Amino acid sequence: EKLELVDGKVNWKGETAVKHKHGGLRAALFVLLAFAFENLANLHLAVNLTTYFNGILHFEVSDAANALTNFMGTGYILSIIFAVFADTYIGRFKSILISGSVEFLGLALLTAQAHYSSLRPPPCNVFDPTSRCEKLESSDTVFLYVALYLVAAGMAGIKASIPSHGADQFDEKDPREAKTMSSFFNGLLFALCIGGAVSLTLYVWLDDHKGWDVGFGVSTIAMFVALIVAVLGWPLYRIHVVQGSSVLLELIQVFVAAIRNRNLKLPENPLELYEIDKDKEAALEDDFLPHRDVYGFLDKAAIKTASEKPNPWKLCRVTQVENAKILLGMTPVFACTIIMTLCLAQLQTFSVQQGLTMDTTIVGSFHIPPASLPIIPVVFLIFIIPFYDQIAVPLLRKVTGHVTGISHLQRIGVGLILSSISMATASIMEVKRKSVARDHNMLDALPVLQPLPISVFWLSFQYFIFGIADMFTYVGLLEFFYSEAPQGLKTVSTCFLWTSMALGYYLSTILVQIVNRATKHITNSGGWLAGNNINKNHLNLFYLLLALLSLINFCVYLFVSSRYKYRSKN
C-alpha cells in the first residue's frame with residue numbers, strides 16, 4: 001500500500017493521494033480540456049482587439065497596437081508573481097480557480113462596455129479623414145483598462161498554474177507515468193491550438209459580424225465552462241502540497257547574501273561553504289548540487305560566519321547558490337528569445353491592419369476576417385506537432401544520436417532565424433500591397449469598405465513561416481528551461497517562457513514609439529507608423545528593421561549558445 005501512495009501530493013480531502021485512484025492521464029484530461037476552453041475564450045483578443053480599439057473606441061492605429069501589446073505583456077509578466085504566490089501560499093489548483101474567476105469577471109466587464117453605448121464613444125468612421133471621432137471619456141477609459149487588466153491577470157494565473165498542475169498528475173519517478181507526462185506537454189500545446197483554432201475563426205467572425213458584445217459574451221461563457229471543467233476533475237486530482245517557501249525567493253536571497261558578503265574572503269576549500277546535512281530530515285528529498293567553479297562571486301552567499309545566527313538573507317546553502325548559477329547561465333539564452341515575441345506582436349497588430357485593407361474573399365461571398373489569418377500557423381501546428389514528435393524526432397535521433405533529435409539550443413536557433421525570414425517576407429508583402437494601392441489610385445481607400453484588389457492570403461506567407469518558428473523556438477525554450485532547471489526550479493521554469501514573451505510585447509510598444517519619434521520629421525505621414533492610413537505609412541521599412549534586428553540577434557545567439565554548457569544530469 002505504501003507503494004501506491006504519492007509523496008507530496010494529496011487528494012481533494014487533504015489525504016495522501018493514491019496511484020490508480022488519483023492523477024494520471026484521466027485527471028490530466030480535465031486540465032487539458034479546461035486549458036482548451038480558456039484559450040477559446042481569450043485567443044481572439046490577441047489578434048482582434050486592435051480592431052476594437054481602433055474602430056469602436058477610436059484609438060489611432062499605433063495607440064491600438066501599443067494598448068494590445070501592453071495588455072499581452074502584462075498577461076505574461078504577471079505569471080511569475082502568480083507562480084510564486086501559488087507555490088508559497090494557495091497551491092496551483094486554487095490558483096487556477098481564482099485566476100479563472102478573475103478572467104471571467106474581466107471578460108464580463110468587456111462585454112458590458114461593448115454592449116452599452118453609454119460606456120463607449122458614438123459610432124464614427126475613423127478611416128474617413130473628414131470625420132471628427134470622439135475619444136473615450138476618462139471614466140470609460142478607466143472602465144476599459146480595469147476590465148482589460150483583470151483579463152490579463154487571470155490569463156497570467158492560468159499560464160503559471162495549469163502546466164504545473166497538469167504535470168502534478170504524474171510521478172516522474174515512475175517510468176510509465178514519466179512517459180505519459182511528456183505526452184501531456186505535447187497535449188498542452190495541442191489543446192492550445194484546438195481552442196485557438198475555434199477562437200481565431202468563429203469568435204473573430206462573431207466579433208466582426210454579430211457585434212463585439214456577442215464576441216466578448218461567448219468568451220465569457222467559454223471561460224465559465226473552463227472553470228466548471230476544472231472543478232469537475234477535482235476529485236481525481238493529485239494536488240501539490242504548498243511548500244511554504246518559494247524557490248524564486250531563495251534565488252533572490254542568494255544575490256542579496258552575495259552582495260552583503262562581498263567583503264568576505266572565500267575559503268580555499270569549497271567544502272567549507274555552507275550546506276545542510278544530507279541526513280537531516282531525510283534531506284527533504286532535495287537535490288544536492290555539487291559546487292562548481294563558475295560565477296565565484298555568488299559563492300560568497302554560502303560563507304559561514306560563527307559570530308552570527310543563520311540568516312537566509314546573509315547565508316545560503318551551496319545548492320541554493322548552484323541553482324542561482326544555473327539560472328544565471330541560462331539568462332543569455334533567455335535574452336536572445338525576447339526579440340522573437342517583438343516580431344510576433346506585429347503579426348497580431350499591424351498585419352491585421354494590413355488585412356483590413358485587402359480582399360478577404362475565399363469563395364463566393366464568404367470572407368475571412370483578417371484577424372483570423374493566424375489560423376494558418378495554428379492549423380499547421382495541429383498537424384506538424386504529431387508529425388514532428390512521432391516521425392521527425394525518431395529519424396533525427398538515428399542521425400544525431402540525440403534523445404530529442406536535435407538539441408534544445410539548436411531547436412531554438414532554427415526558430416530565431418525563421419522569425420527573421422518571416423519579417424523579411426512581411427516587408428516584401430507590404431511593398432506589394434502598397435504598390436497595388438498606388439497603381440489603382442487607392443491610397444486613400446477606406447479599409448474594409450474599399451478593399452484593395454489583392455488577396456489577404458498574400459499575408460499567409462509571413463504567418464506560415466512564423467508558425468514554424470513558433471513551434472521550434474517557443475516549445476524548444478520551454479523544454480530547455482524545464483530540462484536544464486534543477487528540481488527546485490522546475491515549477492517556476494515554465495514562467496521563464498512567459499516572461500520572455502512579456503518583455504517582447506513591452507519592447508514592441510517602446511520600439512513603435514521610438515520609430516515614430518525618430519521618423520516624425522522625415523516622413524510626410526509624421527512617422528513610419530503614425531496615423532490611421534497604413535497605405536501612406538512605411539510599415540515595410542519597419543518590418544525590414546525587425547528582420548535586421550532579428551538577424552543580428554540570431555548572430556548573438558550563435559555566440560551565446562556555442563558557449564553554453566549543458567547541466568550534468570548525474
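**A walk along three stops**

Start by selecting helix α15, residues 539-563 (helices being DSSP runs of H or I, at least four residues, numbered from the N terminus): at 1.5 Å a residue, its 25 residues should span 36 Å, and the end C-alpha atoms are indeed 36 Å apart. That expected span is 1.5 Å times one less than the number of residues.

A word on what you have open: this is a predicted model, where local features need pLDDT of at least 70, side-chain atom pairs count only at pLDDT 80 or more, and totals for chains, interfaces and linings use all residues. Residues are numbered from 1 along each chain as its sequence is written, and side-chain values use heavy atoms, with hydrogens and water left out.

Still on α15, colour the buried residues (under 20% relative accessible area, 1.4 Å probe, protein chains only); among them are F542, Y543, F554 and Y557. Click S561 too, which sits in α15 and is buried at 16% relative accessible area. Now add C336: its C-alpha is 9.7 Å from that of S561, though they are 225 residues apart along the chain.

Next, pick α2 (residues 61-90) and α4 (residues 138-167), which pack at about 45 degrees with axes 7 Å apart. Axes here are lines fitted to C-alpha atoms over the stretch in contact, with angles from 0 to 180 degrees between N-to-C directions. Show the contact (heavy atoms within 4.5 Å): it includes F71, Y76 and F82 of α2 and Y145, Y149 and M155 of α4.

Last, go to α6, residues 212-232. Its buried residues include W212, F216 and M223.

Note on methods. Helix = DSSP H or I, 4+ residues; strand = E, 2+ residues; numbered from the N terminus. Buried < 20%, exposed > 50% of the residue type's maximum accessible area, 1.4 Å probe, protein only.
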